[in-house]
Amino acid sequence: MRATLLHQAGDVRVADVADPKVQQPTDAVVRIVLGCICGSDLWPYKSQPLTEHPRQMGHEFLGVVEETGPQVTTVKIGDLVVVPFTYSDGTCEYCRAGLHTSCEHGGPWGVNGVDGGQGQAARVPFADGTLVPLPVGEDSELLPDLLTLSDVLCTGYHAARTAGVRAGESVTVVGDGAVGLSAVIAAKLLGAEQIILMGRHAARTDLGRAFGATDVVAARGEEGVAAVRELTGGRGTGRVLECVGLKDALVQAAGVVRDGGTISRVGAPQYPEVPLGFPEFLRNITLTGGVAPARAYINELMPHILDGSIRPGRVFDRTVALEDVAEGYRLMNDREALKVLVRP
Ligand SMILES: [Zn+2]
């Protein structure tokens with residue numbers, strides 16, 4: 001089959017790799033119908049040293065079950081399924097606690113003999129624990145929306161949930177990428193009354209307004225902090241969702257959080273130390289968040305997509321064929337695209 005390989009920074013190629021097959025009785029093989037490129041794929045795309053063992057890329061996908069091992073019971077051949085961005089057994093202590101990303105037998109796509117999601121098919125370990133059937137057909141126009149259950153919508157939702165967003169509250173979302181925009185959707189779903197989106201790209205913040213942002217602050221740094229405080233009676237917001245992953249974004253989050261409030265960070269941090277020192281200690285700031293256990297949220301979020309009340313798939317503004325995936329990476333890396341669908 002054809003799959004996306006990252007050889008080194010800036011060098012993404014589509015190549016022939018071994019066809020996936022059921023190897024364990026709990027495996028399934030999924031023919032990929034729709035995949036996409038994640039903002040987090042851009043970190044290795046920017047920095048990966050040359051390797052003789054290029055990894056298969058992609059971790060957000062949905063597709064049709066083509067083969068199942070003898071112990072698989074919850075999905076069957078022909079089912080359309082969405083695949084969360086890590087696989088998990090669904091039975092260990094962490095999975096039962098809803099922290100599937102810490103699964104004792106789980107792992108990421110594209111390494112350790114597991115396929116990636118930007119290809120024609122993938123072997124799915126622990127199919128019962130990992131896959132979630134979709135109650136629509138392969139030709140449904142909701143597929144891009146449902147694909148966001150794989151990662152980006154669940155990641156935004158994780159930010160809002162771990163920050164403790166409740167009805168009637170004020171929330172700041174730092175970052176107007178696909179995760180930040182998903183966090184706006186999530187904050188609105190949880191009933192936030194004021195949602196301040198911090199971002200500088202008008203096309204993206206306009207989409208953020210369509211998703212429920214009540215205010216947009218384009219300024220950054222001290223100026224951005226001052227603008228948010230002006231919108232909130234000088235105090236900032238009790239919940240701040242940091243959806244970037246850079247140190248400056250966390251500093252900004254600390255600047256706009258109300259004393260006693262909570263910052264949740266879901267942008268994969270590109271910094272080793274958390275810049276929260278004595279001044280933030282004096283303000284009783286809580287820092288939470290982390291990698292999102294997408295599998296835990298899929299069943300909860302899917303009905304909002306099926307009934308049309310949210311359209312998170314609007315974050316996809318470009319589509320490329322699998323053979324053109326390198327162009328998709330370039331478009332996202334150059335910020336010509338917000339998020340790119342990949343059609344095998
Ligand atoms: Zn587990």
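**Entry 1: the hairpin at the start**

For this notebook I count two strands as paired if DSSP finds at least two bridges between them. The model I am looking at is predicted. With that rule in hand I went to β1 and β2, which form a hairpin with two residues between them. I checked the turn as well: Gly 10 sits there with a positive phi of about 80 degrees.

How many bridges join β1 to β2? I found six, and the two strands run antiparallel, with β1 covering residues 2–8. I looked up two of the partners. Leu 6 is bridged to Val 12 in β2, and Gln 8 has Asp 11 of β2 as its bridge partner.

Next I asked what else belongs to this sheet. The hairpin is part of an open sheet of three strands, ordered β2-β1-β4, with antiparallel pairing. The edges are β2 (11–16) and β4 (55–56), and each of them pairs on one side only. I also noted helix α12 (residues 325–333), which lies across β1 and β2 and runs at about 160 degrees to β2.

**Entry 2: domains and the record**

I then stepped back to the whole chain. It is divided into domain 1, made of 2–151 + 293–343, and domain 2, which is 155–289. I get 27 Å between the C-alpha centres of the two domains.

How many residues of domain 1 are in contact with domain 2? The count is 14 residues of domain 1 against 14 residues of domain 2. On the domain 1 side, helix α11 (residues 294–306) gives the largest share, three residues. I sorted that side by residue type too, and it splits into seven nonpolar, four polar and three charged.

For the annotation I turned to UniProt, where an unreviewed entry places "domain: Enoyl reductase (ER)" at residues 10–342. In the model, the end C-alpha atoms of that span are 18 Å apart. I make the span 30% helix and 23% strand.

**Entry 3: the parallel sheet**

Now the other sheet. Six strands make an open sheet with parallel pairing, and I read the order as β13-β12-β11-β14-β15-β16.

Why do β13 and β16 each have one side without a neighbour in the sheet? They stand at the edges: β13 (215–217) and β16 (286–289) have a single partner strand each, so one side of each is left open in the sheet. I also took the twist: neighbouring strands are turned by 20 degrees against each other on average, direction ignored.

At one edge, I found three bridges joining β12 (residues 194–198) to β13, and the two run parallel. One partner I looked up there is Asp 215 in β13, bridged to Ile 196. Helix α6 (residues 178–189) packs on this sheet and touches β11 (170–174), β12 and β14 (237–242). The direction of α6 makes about 165 degrees with that of β11.

I went on to helix α9 (residues 247–256) and listed its buried residues: Ala 249, Leu 250, Gln 252, Ala 253, Ala 254 and Val 256. What covers them includes β11, β12, α8 (221–231), β14, β15 (257–265) and α10.

**Entry 4: two positive phi values**

Most residues other than glycine have a negative phi, so I wanted to see the exceptions. Phe 126 has a positive phi near 50 degrees, and I find it in the loop between β9 (121–124) and α3 (127–130). Asn 284 has a positive phi near 55 degrees, and its loop runs between α10 (278–282) and β16.

Is Phe 126 buried or exposed? I count 25 other C-beta atoms within 10 Å of Phe 126, and the cut-off for buried is 20 or more, so Phe 126 is buried. Asn 284 has 10 other C-beta atoms within 10 Å, and exposed means 12 or fewer, so Asn 284 is exposed.

**Entry 5: Ser 40**

Last lookup. Ser 40 is in the loop between β3 (28–36) and α1 (42–47). With 19 other C-beta atoms within 10 Å, it falls in between those two cut-offs, so I logged Ser 40 as partly exposed.

Which separation did I get for the C-alpha atoms of Ser 40 and Gly 267? They are 8.5 Å apart, while the two residues are 227 residues apart along the chain.

Technical notes. Residues are numbered from 1 along each chain as its sequence is written. This is a predicted model: local features need pLDDT of at least 70, side-chain atom pairs count only at pLDDT 80 or more; totals for chains, interfaces and linings use all residues. UniProt positions are given in the numbering used here, feature names are shortened, and annotations may be inferred rather than shown by experiment. Helices (H or I, at least four residues) and strands (E, at least two) are DSSP runs, numbered from the N terminus. Domain bounds come from an automatic or database domain assignment. Two residues are in contact if their C-beta atoms, placed from the backbone, lie within 7 Å. Ala, Val, Leu, Ile, Met, Phe, Trp, Tyr, Cys and Pro count as nonpolar, Asp, Glu, Lys and Arg as charged, and the others, Gly among them, as polar. Axes are lines fitted to C-alpha atoms, for helices over the stretch in contact, and angles run from 0 to 180 degrees between N-to-C directions.
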